[in-house]
Amino acid sequence: MPKFFSTLDKVKPAYDIAYKIVLFICKLLLIIDIAITGMSVLGRYVSFIPDPAWSEEIVLTCMAYMAVLSAALAIRRVAHIRMTALDTYLPANLVKALDVLSDVAVLFLAVVMIVVGWRYALEIGAKGTYVSIPALSRFWKYFPIPLAGVAMVIFQLEALYNHIKVFFVKENLNESK
């Protein structure tokens, strides 16, 4: 294995940590969603349990965070829907090149999400507040997009590296034993 790739492979634990952090955030948001929704539903039928007016907006905001962050997690697990029906009919190197092209396109999308999402969060989101929580800025409704863009850049860089590495490194089966 070329020295360059073996050196860059040492960064993998940082990607593992980033993945675990984003996964933990998603799990925490799911717990918050379930708790608030449960309290809200029970509050409608049980008189001593409060049914706060803010529950719906907070639940929807948490769901927005979970949706985009879990999509970023799917990049690392290669769990997105992909068109692979023709891969068996195309030359292997073309398929590898198309994987790299796909990685670059998704990386571009992630950068657009960061730039445009951050601008929206600052310009549109910061100008208003939640209807049921006037003290809370709508910035937090728009912030999931740039946040997910950052997570996507992190995981997409790893995917791009792995796809480029395939061109230069021939895996030796005896080497892994």
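Me: What makes Asp 16 and Arg 76 a salt bridge?

Reply: Their side chains meet at 2.5 Å, N to O. A salt bridge needs a side-chain nitrogen of Lys or Arg within 4 Å of a carboxyl oxygen of Asp or Glu, so this pair counts. By the way, this is a predicted model, where local features need pLDDT of at least 70, side-chain atom pairs count only at pLDDT 80 or more, and totals for chains, interfaces and linings use all residues. Residues are numbered from 1 along each chain as its sequence is written, and side-chain values use heavy atoms, with hydrogens and water left out.

Me: Why is Arg 76 called buried or exposed?

Reply: Buried means under 20% relative accessible area, exposed over 50%, partly exposed in between (1.4 Å probe, protein chains only). Arg 76 has 19%, so buried it is. Asp 16, at 23%, counts as partly exposed.

Me: How do you know whether Cys 26 has a disulfide with Cys 62?

Reply: A disulfide is a pair of cysteine sulfur atoms within 2.5 Å. The sulfur of Cys 26 has its closest cysteine sulfur in Cys 62, 11 Å away, so that's too far for a bond. The count is 0 disulfides.

Me: Why are helices H3 and H6 called roughly parallel?

Reply: H3 (residues 55–77) and H6 (residues 144–168) pack at about 5°, axes 8 Å apart. Angles under 35 degrees count as roughly parallel, over 145 as roughly antiparallel, 65 to 115 as roughly perpendicular and the rest as oblique, so H3 is roughly parallel to H6.

Methods. Axes fitted to C-alpha atoms, helices over the stretch in contact; angles between N-to-C directions. Helix = DSSP H or I, 4+ residues; strand = E, 2+ residues; numbered from the N terminus.
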